[in-house]
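Below is a predicted model of a protein chain with a ligand. The questions ask how certain labels follow from computed values.

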Amino acid sequence: MKLSVIGAGYVGLTTAACLAQIGHDVFCSESDVEKLAKLQNGGMPLFEPHLEDVIKGVRKAGRLRFGSTEEAIAWGDAIFICVGTPPLANGDADLCAIEVVARAIAKRATGYRLIIEKSTVPVQTGAQLRKHLSVHSTNGLRYDVASNPEFLREGTSVEDFLHPDRIVIGADSPRAAGLLREIYEPIVQQKFTCPIHSGCPKRKDPIFLATDTNSAELIKHASNSFLAMKISFINMVANLCEVVGADVTKVAEGMGLDPRIGPAFLNPGIGFGGFCFPKDVQAFVRIAEKSGCDFSLLKEVEKINQRRVEHFVEKIRKELWVVRGKKIAVWGLAFKPNTDDVRFAPSITLVKALLAEGAAVRAYDPEATEKARAVLPEVTYCTDAYRAAEGADAILIVTEWDEFRQMDWNRLLSTVEQPLVIDGRNVFSPEQISGKGFRYVSIGRVDASPWQAAVGEKIDSSSLRAGNSVQEVPA
Ligand SMILES: NC(=O)c1ccc[n+]([C@@H]2O[C@H](COP(=O)([O-])OP(=O)(O)OC[C@H]3O[C@@H](n4cnc5c(N)ncnc54)[C@H](O)[C@@H]3O)[C@@H](O)[C@H]2O)c1
């Protein structure tokens with residue numbers, strides 16, 4: 001089918017490339033002229049595993065083109081809107097970019113078009129779109145508006161798109177539902193040439209869930225808000241563990257073994273970030289408020305998350321005593337591993353707080369340096385994690401990139417000023433790092449100093465007065 005994708009960001013670019021991969025003829029538009037030029041010249045405006053290869057393959061096969069939104073509107077029988085929906089100051093989703101696209105479609109498209117909202121939008125946006133299209137349409141456009149929320153995760157977006165657990169569509173006419181089923185049939189049947197796996201691992205076929213537009217829109221916000229709630233929940237459990245001397249890793253493991261709870265999203269840390277959870281929780285709260293429903297549960301989820309960075313900075317202060325003038329190595333800036341995305345990343349709030357206290361920050365991220373530099377110009381960016389740690393009073397683990405698991409700790413020991421690791425993602429077990437001669441502070445667990453590893457000291461949680469300071473336990 002001839003398909004158009006509007007917006008070549010993390011979602012749009014993945015959508016365009018994967019729809020072309022499964023056999024469609026896709027035209028993808030982008031309004032940012034630099035990004036568009038890069039794509040047209042075979043470059044990539046963002047980092048996402050496998051995506052560049054998929055794009056190369058489908059462009060070579062002639063199934064993916066990049067150009068203007070006007071060209072995209074003229075091209076596709078179905079048009080996927082994948083533009084950004086950032087938060088406004090009051091928490092509402094900013095739908096300006098969607099409105100601009102809708103108006104352009106109304107003014108330019110002719111014949112019949114299926115217009116699909118893939119951007120995350122508040123419930124009833126589909127209804128607003130229909131109204132807007134009918135007001136502005138000048139060429140006798142006939143259309144359906146459908147919702148097709150996207151559940152891909154940055155870092156695994158190609159895999160998530162091609163091997164999803166579910167495809168949700170919200171359509172209010174049989175024609176729209178039928179077209180969406182046709183578009184996704186190769187994925188539902190898992191019949192396409194997979195660009196990632198030579199033989200795809202056996203897994204359950206995706207569920208194709210068809211519903212009305214309002215419900216599909218709600219599914220997306222409700223799903224993200226629920227996952228965010230799990231993260232904030234385990235972060236509160238982590239705080240409790242720190243006070244009573246329990247181990248949040250074990251608590252999460254014990255909880256996650258219950259199939260009604262499941263282990264996913266029970267990793268405590270310095271909080272969730274990125275272009276989905278923070279803004280989607282806010283938008284969902286606002287939707288509820290405007291509908292007369294008090295979703296204060298989600299306001300707490302947000303508050304707990306906002307306090308995570310401050311809680312982490314408190315750990316840093318406790319260890320360093322005075323932060324001013326200290327050299328701090330920050331490992332990881334992306335809001336999660338395998339992406340270069342720093343939007344709403346906890347690292348940004350953290351680094352700003354450290355700079356405000358007078359610390360000198362040396363940061364390293366395998367992919368996100370360029371994007372971080374644009375928002376944090378005062379930081380010294382290093383080409384690897386060892387350089388960032390040179391002369392450091394503390395190494396902070398902020399993003400759980402795999403390469404941080406493979407570090408040579410003997411080498412690090414000889415370059416740091418103070419052997420101190422404060423791990424905001426619980427990448428290691430306390431024994432792993434304290435055994436290498438470092439003091440190790442993490443989230444929701446008893447901290448560990450090198451002497452404990454040396455004497456094989458067993459930590460007696462009942463001997464802890466409060467907090468996680470084992471330094472107070474006599475040797
Ligand atoms: N990033 C994710 O992991 C993710 C996952 C699921 C859903 N979503 C949702 O998908 C939507 C897009 O997210 P994203 O991360 O891809 O954002 P993004 O900012 O990376 O991409 C949006 C792109 O749209 C372009 N754009 C804006 N107006 C345009 C226009 N009129 N014509 C052509 N291009 C235009 C922008 O320049 C930008 O490149 C959001 O609603 C987001 O909530 C994101």
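Q: Which residues have the most contacts inside the largest nonpolar core, and how many residues does this core have?
A: The core has 64 residues, and Val330, Trp331 and Leu396 have the most contacts inside it. Helix H12, residues 296-320, gives the most to this core, with five residues.

Q: What makes Met44 and Ala78 part of a nonpolar core?
A: They are included, along with Ile116 and Ala146, in a second, separate core of 48 residues. Membership requires buried nonpolar residues joined through side-chain atoms within 4.5 Å, so these residues count as buried and joined in that way.

Q: Why is the contact of Glu30 with the ligand called a polar contact?
A: An N or O atom in the side chain of Glu30 is 2.5 Å from an oxygen atom of the ligand. The cut-off for such a pair is 3.5 Å, so the pair qualifies. The side chain of Thr85 also has an N or O atom 2.5 Å from a ligand oxygen, and for a backbone N or O atom of Val11 the value is 2.9 Å. Taken alone the ligand exposes 820 Å², of which the protein buries 89%.

Q: What is the make-up of the shell around the ligand?
A: The shell divides into nine nonpolar, nine polar and eight charged residues. Among the 26 residues that surround the ligand, the closest include Lys35, Thr69 and Lys279.

Q: How do you know that the radius of gyration agrees with a compact globule?
A: For 475 residues the rule gives a value near 23 Å, and the protein chain has 24 Å, so the two agree.

How values were computed
Residues numbered from 1 in each chain as written. Predicted model: local features only at pLDDT ≥ 70, side-chain atom pairs only at ≥ 80, totals over all residues. Heavy atoms only, no water. Near = heavy atom within 4 Å. Polar contact = N/O pair within 3.5 Å; in protein donor to acceptor, adjacent residues only side chain to side chain. Areas by Shrake-Rupley, 256 points an atom, 1.4 Å probe, with all protein chains shown as cover. Nonpolar A, V, L, I, M, F, W, Y, C, P; charged D, E, K, R; others polar. Buried < 20%, exposed > 50% of the residue type's maximum accessible area, 1.4 Å probe, protein only. Helix = DSSP H or I, 4+ residues; strand = E, 2+ residues; numbered from the N terminus. Rg over C-alpha atoms; globule rule 2.2 N^0.38 Å.
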